[in-house]
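Subject: Structure for you to look at

Hello,

Here is the structure I said I would pass on. Please open it next to the sequence before reading further.

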Amino acid sequence: MFANNETGNLLPIAEIGQILKQHPAAYHVDAVQAIGKIPIHPEELGIDFLTASAHKFHGPKGIGFLYASSMDFDSYLHGGDQEQKKRAGTENLAAIVGMLAALKEDLEKQEEHFQHVQNLETAFLAELEGVQYYLNRGEHHLPYVLNIGFPGQKNDLLLLRLDLAGISISTGSACTAGIVQSSHVLEAMYGANSERLKESVRISLSPQNTVEDLETLAKTLKEIIGG
């Protein structure tokens, strides 16, 4: 995983690639959370396989791509000759074209988008002045995912009240939506008994968000929590 989908933490992909240069293992990286947001050069990082999903860079849902340094691997689906005989079945050309267009735009505006989202995060945290909070992340992270906790505030009730106010955030990744359980990511970081598991929420930021959006979120949080 290039960047964690709950905290935005960047993992040491290059360092792992260096270690694996002396190992016969194939190196696969899930870049779903990072693609289009930061420069990624698989060959320089020693990556053999890299996967990404279009909906993470505002492309169509249900389509993604695989980067492979070599085509010397088993087929995923057998039958037809599509995709160099690695995945049989008629290609969804409309989704592929949509994915390409979305990724091209994201790459062309990568620095602009990154700075915009970073400014959104800065503005949001500044608006929380007077509110007690902590951030669940390491030194190296993406600003697109903000995992934040509010001491003494139950995250399930916080989500409910924000939802009633027309604001959608979550307590974990979209992959685990609808599952009533603590974040396995935060549990791995802080332990199963940490209060952070009950107090933390995940806020996703996008280049399509505005400063006004984040000011509204901060104002609503302050009204709910007090501060």
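Below are some notes on the two domains and on one tyrosine.

Please keep in mind that this is a predicted model.

The two domains

The domain assignment splits the chain into domain 1, residues 13–104, and domain 2, residues 110–226. Taken over C-alpha atoms, the centres of domain 1 and domain 2 are 29 Å apart.

Where they meet, eight residues of domain 1 are in contact with nine residues of domain 2. About 670 Å² of area is buried between domain 1 and domain 2, and carbon and sulfur atoms give 59% of that. On the side of domain 1, the residues that lose the most area to domain 2 are Gln33, Lys37 and His58, which together make up 66% of what that side buries.

As for polar links, there are three residue pairs in polar contact between domain 1 and domain 2, while the count of salt bridges between them is zero. The residues of domain 1 that touch domain 2 comprise three nonpolar, three polar and two charged ones.

Tyr133

Tyr133 sits in the loop between helix 5 (110–127) and strand 4 (134–135). Is Tyr133 buried, exposed or partly exposed? Its relative accessible area is 30%, and buried would need under 20% and exposed over 50%, so Tyr133 counts as partly exposed.

Leaving out residues up to four places away in sequence, Tyr133 touches Leu125, Leu128, Ile148, Gly149, Phe150 and Pro151. Phe49 is 84 residues from Tyr133 in sequence, and their C-alpha atoms are 38 Å apart in space.

Regards

How values were computed. Residues are numbered from 1 along each chain as its sequence is written. This is a predicted model: local features need pLDDT of at least 70, side-chain atom pairs count only at pLDDT 80 or more; totals for chains, interfaces and linings use all residues. Side-chain values use heavy atoms; hydrogens and water are left out. Domain bounds come from an automatic or database domain assignment. Contact means heavy atoms within 4.5 Å. Buried area is the accessible area (1.4 Å probe) that two parts lose on being put together, summed over both. A salt bridge is a side-chain nitrogen of Lys or Arg within 4 Å of a carboxyl oxygen of Asp or Glu. A polar contact is a pair of N or O atoms within 3.5 Å; within protein, one must be able to donate a hydrogen and the other to accept it, and residues adjacent in sequence count only if both atoms are side-chain atoms. Ala, Val, Leu, Ile, Met, Phe, Trp, Tyr, Cys and Pro count as nonpolar, Asp, Glu, Lys and Arg as charged, and the others, Gly among them, as polar. Helices (H or I, at least four residues) and strands (E, at least two) are DSSP runs, numbered from the N terminus. Buried means under 20% relative accessible area, exposed over 50%, partly exposed in between (1.4 Å probe, protein chains only).
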